[in-house]
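User: Please take a close look at the surface that faces one of the DNA strands, and then place that surface in the context of the rest of the assembly.

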Number of protein chains: 2
Amino acid sequence: MPAPTARSVTLDDVARAAEVSRATASRVLGGYGFASVDARDRVHAAADRLGYVPNITARALVRGTGVRLVVAVTGTDATVLDDPYVDRAVAAAARVCAPHGVGVSLEWLPLDAPAGLRRLDDRSVCGVLLVNTIAPVLDAVPAGLRGRVVSIGVGSPAVPSFDVDNAGGTEAVLRHLHAGGRRRIAMVTGPRWLSCAERSVTAYQRLMRAAGLPVRLVTGDFTAARGHRAALTALRRWPDTDAIYAVSDATALGVIAALRGRGIQVPHDVAVAGFDDIPYAAVSAPALTTATHPVARIVTAAASAVLDGRPVPPVTAFPSRLVARESA
Amino acid sequence: MPAPTARSVTLDDVARAAEVSRATASRVLGGYGFASVDARDRVHAAADRLGYVPNITARALVRGTGVRLVVAVTGTDATVLDDPYVDRAVAAAARVCAPHGVGVSLEWLPLDAPAGLRRLDDRSVCGVLLVNTIAPVLDAVPAGLRGRVVSIGVGSPAVPSFDVDNAGGTEAVLRHLHAGGRRRIAMVTGPRWLSCAERSVTAYQRLMRAAGLPVRLVTGDFTAARGHRAALTALRRWPDTDAIYAVSDATALGVIAALRGRGIQVPHDVAVAGFDDIPYAAVSAPALTTATHPVARIVTAAASAVLDGRPVPPVTAFPSRLVARESA
DNA sequence: TTGAAAGCGCTAACAC
DNA sequence: GTGTTAGCGCTTTCAA
């Protein structure tokens, strides 16, 4: 009968109840060191009976290990935090962290003030997940944070990278477009300062050149609104465009909306493909052809790595798979 | 010149540099109690110079205040955590928590095991945000958590509620449908056990009855897939349906996809309206008519309330506004 | 106005 | 194997 004690039960209470020292109780509960079977049993029994829950805060303090993981998103302004992609990443991180008693907080890292990272060099921070990061930020990682920072995107010698295989996904999509007979394929990119998005652009350029096709780039920013404008721009510059590849599904949906507004049939007149496979890609009209982007899996792996303090290879790439639907 | 000390600087370092005691430094930096102008200045100067960052963990330990906020989502199984709505809520919480040095973790609360909450009665938890909660969970809030738990949805005497005005939003949408000449309006609901979603149903029933119109309910679960099936069901049961109101935008998008699959014109043959105003509502085809659901604002207010430990009124309702687009 | 001192709950040497 | 002891970094009485 777990009497709901007003005050929360501490390790001392457990030790007393089990008639052992606090140190022994700590060892048993922590799974560390040695303890007699007898002591072990008594401690576990007492802990169960009392409903003991270790105080993560105290543990973190003494061990010097932090208690929260910061998701830091680089961008020109704080609106980068409004992206559903960021939402997904944060939620995935918050889910992995829960069993560890660790929480996640979300911060914007100004594009032009990479030193902002220094503020995170705080003993209460157990790790940092860099999102949409760039070289200057990577280079500004404070020594105190070394080994506890990973990047969802490009990495550096000091910061391991966890990312989707942008180039592979892009190639899969472009081959699909090409196989469908498209030859004048424009691309709506992400922000040009963002190196991980730039990898898709590079792949696009390489493939277009290899196939002897024209390179047609319009800059976007991952949003639908910008995709809408970009589609109009592309149409104006290159009226014979027969396909548009967008760097993200949100962008692609904006592109489709713009084409519809112009009375252009998708995919009949112009094929459209995205990247991410967001939930709405399947129900849009027409259903969006895209490539998978396992954000949750990527973030889960990244967060687990920093939580476990396990050494990680410099790059962990997650494959991207084509999802052919109606739009291309 | 902030020498990047390898070891992080502690309050002791600041006190020493300012030539005061640790207690005085603590008072000054904490803004508490009294201190001479002189001491004040010296402490602040030293803190700045040394780049002092208080260790939240230590502070939380001594104050007994926790260090993480748990977002607990009730549902039949863990897939409830996959909802973009949950993502938004977690990200918004993680954003408000950041300046406080507090992190957010995400947990699933099994529908049939409300006692799961007890596990959260942990000194390291500074608060709990209940999402999609139900009465049994509300009643199971442990005494130790009292005053630090709020609900995004229905509340209870012990748990203040922060929520969108479902009834108001529903009414706005239904009046719009009615004004557009629709008279045989079906509704796709949320899970029937979810009381906060049930408020929309109640409002729907009330309005339909008041207008002398038929009540046509199909159960959904907020997902597009279920919305798709529900639309088909509605069409089968009531072939003359001329409008479908869905409890969420995701559901509405599924409904539209289903109608399209049947060759039914939206809004010409059947009008469709959702609820939430998710980003994709504006770019879908046709653009979705819906009602706003300021999730980020709601969660921000709720999280701030528990972070500040401020007493809150039993119910804080956030208005919902009609967004008329093309689908209805 | 300030400082000394006593912890917050826990872990990890180091003795026994 | 087990207990004693010394802190982790900070806040907060309580005296001075």
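Analyst: In this predicted model, the surface near DNA strand C draws at least two residues from each of helix H1 (11–18), helix H2 (22–30) and helix H4 (56–63) of chain A, together with helix H2 (22–30), helix H3 (37–50) and helix H4 (56–63) of chain B. Of these elements, H4(A) gives the largest share, 5 residues. DNA strand C is surrounded by 29 residues, and the closest are Thr10(A), Leu11(A), Ala23(A), Ala23(B) and Val62(B). By class, the surface near DNA strand C is made up of 14 nonpolar, 8 polar and 7 charged residues.

The surroundings of DNA strand D can be set beside this. There, 30 residues surround the strand, with Ala23(A), Ser36(A), Val62(A), Leu11(B) and Ala23(B) as the closest. Two or more residues each come from H2, helix H3 (37–50) and H4 of chain A, and from helix H1 (11–18), H2 and H4 of chain B. The classes of the surface near DNA strand D are 14 nonpolar, 8 polar and 8 charged.

The contact between the two protein chains takes 48 residues from chain A and 48 residues from chain B. On the side of chain A that touches chain B, at least two residues are supplied by each of H4, strand E1 (68–75), helix H5 (84–97), strand E2 (103–110) and helix H10 (249–261), and H5(A) provides the largest share with 9 residues. That side of chain A divides into 29 nonpolar, 10 polar and 9 charged residues. H4(A) is thus named both among the elements near DNA strand C and among those on the side of chain A that touches chain B.

As for the interior, the largest nonpolar core has 205 residues, and those with the most contacts inside it are Ala93(A) and Ala93(B). Apart from residues up to four places away in sequence, Ala93(A) touches Leu69(A), Val71(A), Val104(A), Leu129(A), Val299(A) and Ala303(A).

Further along chain A, an open sheet of 4 strands has the order E7-E6-E8-E9, with parallel pairing. Strand E7 (216–218) and strand E9 (271–273) of chain A stand at the edges with a single partner strand each, so one side of each is left without a neighbour in the sheet. From one strand to the next the twist averages 20°. Strand E6 (residues 185–188) of chain A pairs with E7(A) in the parallel sense over 3 bridges, and Met187(A) stands opposite Leu217(A) in E7(A).

The loop between E7 and helix H9 (224–237) of chain A holds Asp221(A), which is buried because 24 other C-beta atoms lie within 10 Å. Leaving aside neighbours within four places in sequence, Asp221(A) is in contact with Gly190(A), Pro191(A) and Arg226(A).

In chain B, 4 strands likewise form an open sheet in the order E7-E6-E8-E9, with parallel pairing. Strand E6 (residues 185–188) of chain B is joined to E7(B) by 3 bridges, and Ala186(B) stands opposite Arg216(B) in E7(B). Helix H7 (residues 166–179) of chain B lies across E6, strand E8 (243–246) and E9 of chain B, running at about 170° to E8(B), while helix H9 (residues 224–237) of chain B lies across E6, E7 and E8 of chain B, at about 145° to E7(B).

How values were computed: Residues are numbered from 1 along each chain as its sequence is written. Chains are lettered from A and ligands numbered from 1 in the order in which they are written. This is a predicted model: local features need pLDDT of at least 70, side-chain atom pairs count only at pLDDT 80 or more; totals for chains, interfaces and linings use all residues. Two strands pair if DSSP finds at least two bridges between them. Axes are lines fitted to C-alpha atoms, for helices over the stretch in contact, and angles run from 0 to 180 degrees between N-to-C directions. A residue is near a molecule or strand if its C-beta atom, placed from the backbone, lies within 6 Å of it. Ala, Val, Leu, Ile, Met, Phe, Trp, Tyr, Cys and Pro count as nonpolar, Asp, Glu, Lys and Arg as charged, and the others, Gly among them, as polar. A nonpolar core is a set of buried Ala, Val, Leu, Ile, Met, Phe, Trp, Tyr and Cys residues joined through C-beta atoms within 7 Å. A residue is buried if 20 or more other C-beta atoms lie within 10 Å of its own, exposed if 12 or fewer, and partly exposed in between; C-beta atoms are placed from the backbone. Two residues are in contact if their C-beta atoms, placed from the backbone, lie within 7 Å.
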